[in-house]
Amino acid sequence: MSGREGGKKKPLKAPKKEGKELDEDDMAFKQKQKDQQKAMEAAKQQAAKKGPLVGGGIKKSGKK
């Protein structure tokens, strides 16, 4: 039992998978995701322009 051989052995690397062939449904789904991502980015930019929605900070009640 040598010190160099102890522990787990590393598994061999699996061969790379070949690229999948995309059909029309997959292409439509990917395009829809891209459109949603662009819409989210546009919404984020619009929200950043307007500034904070709530500007009051911590609200205190009138009671003492």
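How many helices and strands does the protein chain have? Here's the answer, with three views of this predicted model.

**View 1. The whole chain, with 1 helix and 0 strands.** The helix is α1, which covers residues 24-50. Don't go looking for a core: buried residues make up 0% of the 64 residues in the protein chain. The accessible surface adds up to about 7700 Å², and carbon and sulfur atoms account for 55% of that.

**View 2. A positive patch built from lysines.** Lys17, Lys20, Lys30, Lys34 and Lys38 come together here on the surface. Pick out Lys30, which sits in helix α1. Lys30 counts as partly exposed because its relative accessibility is 43%, and partly exposed is the class between under 20% (buried) and over 50% (exposed).

**View 3. A negative patch on the surface.** This one is made by Asp23, Glu24, Asp25 and Asp26. Asp26 belongs to helix α1, the helix that also holds Lys30 from the previous view. With a relative accessibility of 35%, Asp26 is therefore classed as partly exposed.

Methods: Residues are numbered from 1 along each chain as its sequence is written. This is a predicted model: local features need pLDDT of at least 70, side-chain atom pairs count only at pLDDT 80 or more; totals for chains, interfaces and linings use all residues. Side-chain values use heavy atoms; hydrogens and water are left out. Patches are made of residues with over 30% relative accessible area and no salt bridge: like charges are joined within 9 Å, nonpolar side chains (Val, Leu, Ile, Met, Phe, Trp, Tyr) within 5 Å. Accessible areas come from the Shrake-Rupley method with a 1.4 Å probe; for residues, only the protein chains shown count as cover. A salt bridge is a side-chain nitrogen of Lys or Arg within 4 Å of a carboxyl oxygen of Asp or Glu. Lys and Arg count as positive and Asp and Glu as negative; His and the chain ends are not counted. The place of a charge is taken as NZ of Lys, CZ of Arg, CG of Asp or CD of Glu. Helices (H or I, at least four residues) and strands (E, at least two) are DSSP runs, numbered from the N terminus. Buried means under 20% relative accessible area, exposed over 50%, partly exposed in between (1.4 Å probe, protein chains only).
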